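Let's take a friendly look at how some helices pack against each other. Please have the model open as you read.

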Amino acid sequence: MKKNIIFSLLLMGTALLVTTSCSEDDLSDQSVIKTSTQQRTDLDNWLEVNYLRPYNIQVKYRYEYNEIDEGYYTVPCSYEMAVKMAHILKYTCIDAYTDKVGIAFVRTYFPKLFIFEGEFHYRNNGSFELGTAEGGKKINLMGLNHIDELGSSIEGLNNYYLHVIHHEFTHILHQTTNYSAAYQLITLKEYKSDKCFNSEFSDYLSRGFITAYAQQAADEDFAEMYSNYVTNTAEQWEAWMKQAEHPALRDADGNLQFEGGELVYDMNARANGRDLIEQKLDILRSYMSSVWNIDLDVMRESILGREQDIIDGKIDLTTTEIK
């Protein structure tokens, strides 16, 4: 995919700002700007042992102009946050797939290049990019300087950082061996392309889509189904399915009704959103199992368990000690 923007969030009129004060104590002697004489760091050595040698996966955390989108104001990832993200990515994603599917699978199919950026890509309309991907091989992860605040819960960890990885990984898999054509026929006439985030299509659940972005195209729908399933609990999934059973309430002019920023559902009427999503889930489940030997429920349990370990502080995210 050509520079495919994966996710963005509306800031609802407020920008995510982080103010800092500078003093001599705040300054570090470890530059995040790449130069021709850049010295190796402990993180470089740790990445070589834990990423490059076993998986041929490269992580770039120093600021490289050619690796980022020059259309945005960009900020380097701090050394400390790069260390944390390297641990989070490996433990929750790479190790999870290695444990359940095998190291050969990860070596072959997992994205081969990760670019760490310190700040999100803010747009003039009040939204911002969380991550981008190119060709299924390179992923830019953004906003890493906010990990401590935004990644303090499983929900935040997934919404801001990890969801994009599982989403893009799904693209690599289906571009290698495609899923059944029956999948896209389930909601063929409902894909909205660039209009998928329009407020008029906010009733995506009752229309048979797990997220607004899933309405963009069948491939995005497929990737959203997988990435949302493995990063959310069975209880959360069932809550979404309950919403999908009912159409969103509209006024006399056909406009969707919102209360406190949330859609209002007509509990006295029925929608077939749940049936449509579950048809898609059946195809996804069969595809992942038969083609890649991935059990969705086993993978979800592993991923969520590992993410909980991160939140509970069971994993040291600050060490660069090589074991």
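Which residues in helix 2 meet helix 10?

## Helix 2 and helix 10

From helix 2, Ile-88, Tyr-91, Thr-92, Asp-95, Ala-96, Tyr-97, Asp-99, Lys-100 and Val-101 meet helix 10, where contact means heavy atoms within 4.5 Å. Their partners in helix 10 include Met-299, Ile-303, Arg-306 and Glu-307. The contact residues divide into nine nonpolar, two polar and six charged (Ala, Val, Leu, Ile, Met, Phe, Trp, Tyr, Cys and Pro count as nonpolar, Asp, Glu, Lys and Arg as charged, the others, Gly among them, as polar).

Helix 10 covers residues 296–311, and its axis lies 9 Å from that of helix 2, at an angle of about 150°. Helix 2 and helix 10 are therefore roughly antiparallel (angles over 145 degrees count as such, under 35 as roughly parallel, 65 to 115 as roughly perpendicular and the rest as oblique).

## Helix 2 and helix 5

Helix 2 (residues 79–101) also packs with helix 5 (residues 154–176): their axes come within 12 Å and cross at roughly 45°. This pair is therefore oblique.

Among the helix 2 residues here are Met-85, Leu-89 and Cys-93, and helix 5 brings residues including Leu-157, Ile-165 and Phe-169. This contact divides into 10 nonpolar, two polar and no charged residues.

## About the model

This is a predicted model, in which local features need pLDDT of at least 70 and side-chain atom pairs count only at pLDDT 80 or more, while totals for chains, interfaces and linings use all residues. Residues are numbered from 1 along each chain as its sequence is written, and side-chain values use heavy atoms, leaving out hydrogens and water. Helices (H or I, at least four residues) are DSSP runs, numbered from the N terminus. Axes are lines fitted to C-alpha atoms, for helices over the stretch in contact, and angles run from 0 to 180 degrees between N-to-C directions.
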